[in-house]
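Work through the exercises below with the structure in view, and try each task before reading its solution.

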Amino acid sequence: MTMMGGGDTLTQLGSTVAGIMFIWAMFKQYFPPELQGHIEKYAHKLISYVYPFIHITFYEYPGDGFERSKAYAAIQQYLSTNSTTRAKRLKADMMRDSRSITLSMDDYEEITDEFKGIKLWWASSKNIPKTQVFSIFGGGEEKRYYKLRFHRKHRETITKNYLNHVLDEGKAIEVRARQRKLYTNNRNEQWVGYRSVGFRRTMWSHVLFEHPATFATLAMEPNKKEDIINDLITFSKAKDYYKKVGKAWKRGYLLYGPPGTGKSTMIAAMANLLEYDVYDLELTAVKDNTDLRKLLIDTSSKSIIVIEDIDCSLDLTGQRKKEKDEKKEEEKDPIKEKMKDDNEKSKVTLSGLLNFIDGLWSACGSERIIVFTTNYVEKLDPALIRRGRMDKHIELSYCSFEAFKVLARNYLDLDSHELFAKIRVLLEETKTSPADVAENLMPKSAEEDADTCLANLIKSIEAAKEEARLKAEEEARLKAEEEEKLKAEKEEKEKEKEKEKEEKSAEDVEEKKPAVKEVKENGVIP
């Protein structure tokens with residue numbers, strides 16, 4: 001009897017569904033579209049009075065935009081954790097920027113979630129267009145979305161607390177799972193296809209950022225290194241403080257010093273410490289100030305924006321010189337000629353770059369570090385590197401003994417050696433870059449040991465010291481010759497002036513002779 005009752009129930013349910021489908025087909029066939037819209041509108045209102053659940057839909061690409069929804073991406077990360085243990089159907093993928101396989105809900109799958117005792121349901125779905133559009137770029141017109149369902153009595157808790165919890169947790173999961181990237185900006189003419197609805201210009205291209213440099217391996221005095229680390233960590237935790245004082249959450253670093261002193265390595269160590277992406281901005285590839293702003297908008301938070309060798313990027317340092325000063329430069333500088341050619345292609349101005357650093361556009365985004373590097377800080381316009389734009393100036397100088405000990409520990413696993421004392425004296429007497437020291441400490445064959453590498457370093461520093469001595473002597477000799485030459489030229493000019501003076505006196509005497517003769521002939525004695 002029970003089985004018969006169950007069969008009758010199923011039969012009745014099937015009949016009801018069939019009846020509803022028949023009525024719906026009749027409705028679609030005989031009612032005009034305009035009337036259908038009105039009827040559906042009021043039907044939804046009627047159902048809303050008795051249906052207790054609320055639905056919120058999150059589309060992957062809202063509207064017709066090209067940009068993927070950040071909310072959708074965060075929800076996807078959040079649900080990937082729950083779906084691993086709760087969903088029955090999963091799809092696996094290994095994204096290029098991920099460290100492991102990513103599991104997510106398959107299409108048309110639903111899982112439950114709980115928040116403060118409230119039960120919710122998440123469903124993954126997609127809208128498939130009636131007419132398929134072929135695109136050589138892939139992607140199609142499918143619109144994927146997540147739909148959240150919950151009881152309407154929990155509306156306030158869900159909309160004010162739960163959704164923020166999901167987004168924050170999803171972003172945190174993405175940060176933990178992602179592989180950081182090194183970006184470079186494309187030239188203005190580079191375009192790529194994006195989805196099937198059109199094209200968009202790709203402002204940045206990227207590769208995975210896998211630089212191994214850390215502050216532990218950075219050749220620098222411990223006190224200076226500790227100061228930089230503390231400054232970086234303080235910045236990364238100062239979101240509320242920057243908001244309180246009314247400043248954009250960004251900080252500028254100026255790294256300056258001779259070549260080979262570790263400016264690029266410092267940037268890599270900063271990125272690894274904070275786990276930030278790196279954007280290597282090539283100014284000569286930027287068309288104008290408008291494109292510069294677009295590049296800034298297209299960068300992400302938790303990133304370091306780098307302009308290396310800014311004194312050589314564009315002729316920004318000379319924009320405030322007077323024309324009469326420029327005319328005095330008779331000799332052609334090949335670097336300035338190159339910058340002149342680049343300026344003809346790029347219309348980026350100093351004012352545009354200043355606005356990029358700390359103008360209104362700099363507040364588009366947060367938690368960014370802007371780094372300039374230069375070998376010649378004195379060439380930069382003071383407005384470019386003043387405090388507030390480049391907040392912290394870090395000089396990376398020649399290798400000190402403390403920096404050498406870090407390199408010896410990195411390359412040779414040495415904390416002390418009998419040759420250290422001699423090396424210390426040599427480093428104090430010469431200007432040797434950390435790059436030169438590191439090159440000599442690196443074994444070039446299996447036969448080379450620590451003693452050999454240290455001996456090679458001593459020979460290299462002594463050779464550099466002797467070369468510097470000979471160069472100084474040569475410069476002194478040339479200077480003395482130049483001074484002697486100037487002295488001789490000065491004496492020669494003075495002799496010429498004296499000779500001209502004597503000749504002029506003789507000419508004056510000759511001019512007076514006719515006058516004296518005339519006076520004598522007239523009998524007048526002067």
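**Exercise 1. Find the rings that lie under the charged end of R149.**

Solution. Start with W121, for the charged end of R149 sits over the ring of this residue, 4.6 Å from its centre. Then turn to F53, where R149 lies over the face of the ring at 5.4 Å from the ring centre. The rule applied here says that a charge sits over a ring if NZ of Lys or CZ of Arg is within 6 Å of the ring centre and within 35 degrees of the ring normal. The model is a predicted one, in which local features need pLDDT of at least 70 and side-chain atom pairs count only at pLDDT 80 or more, while totals for chains, interfaces and linings use all residues. Residues are numbered from 1 along each chain as its sequence is written, and side-chain values use heavy atoms, with hydrogens and water left out.

**Exercise 2. Describe the aromatic pair of Y59 and Y145, and then that of F235 and Y242.**

Solution. Rings of Phe, Tyr and Trp (its six-membered ring) pair if their centres lie within 6.5 Å, and planes under 30 degrees apart count as stacked, over 60 as edge-to-face and the rest as tilted. By this rule the count comes to 13 aromatic pairs. One of them is the tilted pair of Y59 and Y145, with 5.3 Å centre to centre and 55 degrees between the planes. This pair links distant parts of the chain, since Y59 is in strand β1 (residues 53-59) and Y145 in strand β6 (residues 143-151), 86 residues apart; strands (E, at least two residues) and helices (H or I, at least four) are DSSP runs numbered from the N terminus. For F235 and Y242 the ring centres are 5.8 Å apart and the planes stand at 85 degrees, so this pair is edge-to-face. Both residues also belong to one aromatic cluster, which F235, Y241, Y242 and W249 form.

**Exercise 3. Decide for each of Y59, Y145, F235 and Y242 whether the residue is buried or partly exposed.**

Solution. Buried means under 20% relative accessible area, exposed over 50%, and partly exposed in between (1.4 Å probe, protein chains only). Y59 is partly exposed because its relative accessibility is 33%, whereas Y145, at 11%, is buried. F235 has a relative accessible area of 2% and is therefore buried, and Y242, at 10%, counts as buried. Of the 526 residues of the chain, 34% count as buried.

**Exercise 4. Locate L454 and list what surrounds this residue.**

Solution. First, L454 lies in helix α17 (residues 450-521). Next, its relative accessible area is 0%, so L454 is buried. Finally, leaving aside neighbours within four places in sequence, L454 is in contact (heavy atoms within 4.5 Å) with F404, L412, L414, H417, L419, F420, I423 and L441. The C-alpha atoms of L454 and N440, 14 residues apart along the chain, are separated by 7.6 Å.

**Exercise 5. Examine the backbone at Y108 and at E275.**

Solution. Most residues other than glycine have a negative phi. Y108, although not a glycine, has a positive phi of about 65 degrees, and this residue lies in the loop between β3 (102-105) and β4 (110-115). E275 is not a glycine either, and has a positive phi of about 60 degrees. The place of E275 is in the loop between α7 (263-274) and β12 (277-280), and E275 counts as partly exposed because its relative accessibility is 43%.
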